[in-house]
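Biologist: Could you take me through one part of this model closely, namely how two of its helices sit against each other? I would also be glad to hear about the spaces that the neighbouring text of your notes covers.

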Amino acid sequence: QSSASVAINATRERVWAFVIDPAQVGSCGPGVESIERLDDTHFKARAKVGVGFITARFVADIELAEQQPPDRAVIKVRGQAPGSAVDATATMDLADGGTAGATRMDWVADVNIAGTLASVGARLIEGTANKLIGQTFECIRSKLEA
């Protein structure tokens, strides 16, 4: 499980609108190649992710599992690649930031990987997952502050 807090210089409403829009968030997802909207809460994504010396192409089902605007969102991802599978749950809690018009996002992510990718070793996977998740949230912050 990894978690962090990100200070974003944008209103909570703007941050909320961004995080529940898979096209926007997807543009920040490492290796994301396409996102297809199935309905308001279900999406399909294709992504290419490398862990160590293994690169895998995933097809992922994404669900906006819980929405409490503009406070909390839970996103579930189930991805499949040849010989590997990944299950992830990310929870984002939004609160007013320290300054007017700013937002604090606290996030927690649980990622479980099985199959070929899991064989590269837990420490490497954990390090890579944390790095990719961190990059995603940093990208969200920079886009909202642009």
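Modeller: Happy to! In this predicted model, helices α1 and α3 lie oblique to each other, and the reason is their crossing angle. Their axes cross at roughly 125° and come within 11 Å. Angles from 65 to 115 degrees would count as roughly perpendicular and those over 145 as roughly antiparallel, so this pair fits neither label. The crossing is right-handed. Two packed helices are described by exactly this pair of values, the angle between their axes and the distance between the axes.

Now for the residues that touch. Helix α1 covers residues 12-19, and from it Arg-14, Val-15 and Phe-18 meet Ile-140, Lys-143 and Leu-144 of α3. Sorted by class, this contact has four nonpolar residues and two charged ones, with no polar residue.

Helix α3 also turns up in the walls of two spaces. Let's start with the cavity. The structure holds one cavity of 30 Å³ or more, and the space in the largest cavity is about 960 Å³. It is lined by 40 residues, and those closest to its centre are Gly-29, Pro-30, Val-77, Ala-88 and Thr-136. Helix α3 gives the most to this lining, with eight residues. Other elements that each supply at least two residues include α2 (22-26), β2 (32-37), β3 (42-51) and β4 (54-68). The strands β5 (72-81), β6 (84-96) and β7 are also among them. By class, the cavity lining has 32 nonpolar residues, six polar and two charged.

The second space is the largest pocket, which holds about 210 Å³. Its lining has 13 residues, with Gln-1, Val-111, Ile-125, Glu-126 and Ala-129 closest to the centre. Two elements give two or more residues to this lining, β7 (103-115) and α3 (122-145). Here too α3 gives the most, with six residues. The pocket lining divides into eight nonpolar, four polar and one charged residue.

One last detail lies along the chain between two of the cavity-lining strands. Pro-70 is in the loop between β4 and β5, and a cis peptide bond joins Pro-69 to Pro-70, with omega about -10°. For background, most peptide bonds are trans.

To pull the picture together, α3 meets α1 through Ile-140, Lys-143 and Leu-144, gives eight residues to the largest cavity and gives six to the largest pocket.

Technical notes:
Residues numbered from 1 in each chain as written. Predicted model: local features only at pLDDT ≥ 70, side-chain atom pairs only at ≥ 80, totals over all residues. Heavy atoms only, no water. 1 Å grid on protein atoms, 1.4 Å probe; cavity = no way out; pocket = protein on both sides within 12 Å on 5 of 7 lines; lining within 4 Å. Points joined across faces, edges and corners; volume = space filled by probe spheres on them. Helix = DSSP H or I, 4+ residues; strand = E, 2+ residues; numbered from the N terminus. Nonpolar A, V, L, I, M, F, W, Y, C, P; charged D, E, K, R; others polar. Axes fitted to C-alpha atoms, helices over the stretch in contact; angles between N-to-C directions. Parallel < 35°, antiparallel > 145°, perpendicular 65-115°, else oblique. Left-handed = near helix turned anticlockwise from the far one by under 90°. Contact = heavy atoms within 4.5 Å.
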